[in-house]
Amino acid sequence: MDFRIVDQIDEKDEREIFEALKAYNLSLIEDTNFKDLGIYLEDENGKKIAGMIAETHGNWLSVHYLWVDESMRGKRIGEKILHIAEEEAKRRGCKYAFLDTFSFQAPGFYTKYGYKEVFVLEEYPLTGKRYYYTKTL
């Protein structure tokens, strides 16, 4: 047996590792009901100008991405999307929310809406920070 080290991960290798880990995890986790949550704001031409990609699982809302186009910032769109996501998560039975953000993104935005810092990766990736937050819904 030899270890193979690569600089470029191909889809087949990633899928094999992911599927093996997923099968193991699903055999042991008490709730296997993951549910996607997408919230989009589109202009009159159907172009996305803001949105969120998240999922709910058990007690938790996990926010993967929240984005607002620069031209739309300052209009409380991010706040509205976050509120819609939290309300939908509560409707689905969630009690908590989890997300992360970089120091150059929106740490102040999330703390403004009740998110609490649980840990920080310092010097990420070199000189910045990556913040991890949770919130009780």
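**View 1. Glu42 and its salt bridge to Lys48.** Glu42 is partly exposed, at 41% relative accessible area (partly exposed lies between buried, under 20%, and exposed, over 50%, with a 1.4 Å probe and protein chains only). Its partner Lys48 is likewise partly exposed, with a relative accessible area of 40%. The two residues form a salt bridge in which the closest N and O atoms are 3.3 Å apart (a side-chain nitrogen of Lys or Arg within 4 Å of a carboxyl oxygen of Asp or Glu). The model is predicted, so that local features require pLDDT of at least 70 and side-chain atom pairs pLDDT 80 or more, whereas totals for chains, interfaces and linings use all residues. Residues are numbered from 1 along each chain as its sequence is written, and side-chain values use heavy atoms, without hydrogens and water.

**View 2. Lys12 and Glu16 in helix α1.** Both residues belong to helix α1 (residues 11–28) and are four residues apart, about one turn of the helix (helices are DSSP runs of H or I, at least four residues, numbered from the N terminus). A salt bridge joins Lys12 to Glu16, with 2.6 Å between the closest N and O atoms. Lys12 is partly exposed at 47%, and Glu16 is partly exposed at 43%.

**View 3. The salt-bridge network of Glu88, Arg91 and Arg92.** Salt bridges link these three residues in a network. Within it, the side chains of Glu88 and Arg91 meet at 2.5 Å, N to O. Glu88 and Arg91 lie three residues apart in helix α2 (residues 77–91), about one turn of the helix. Arg91 is exposed, with 59% relative accessibility. The salt bridges counted by this rule come to ten.

Terms used: Helix = DSSP H or I, 4+ residues; strand = E, 2+ residues; numbered from the N terminus.
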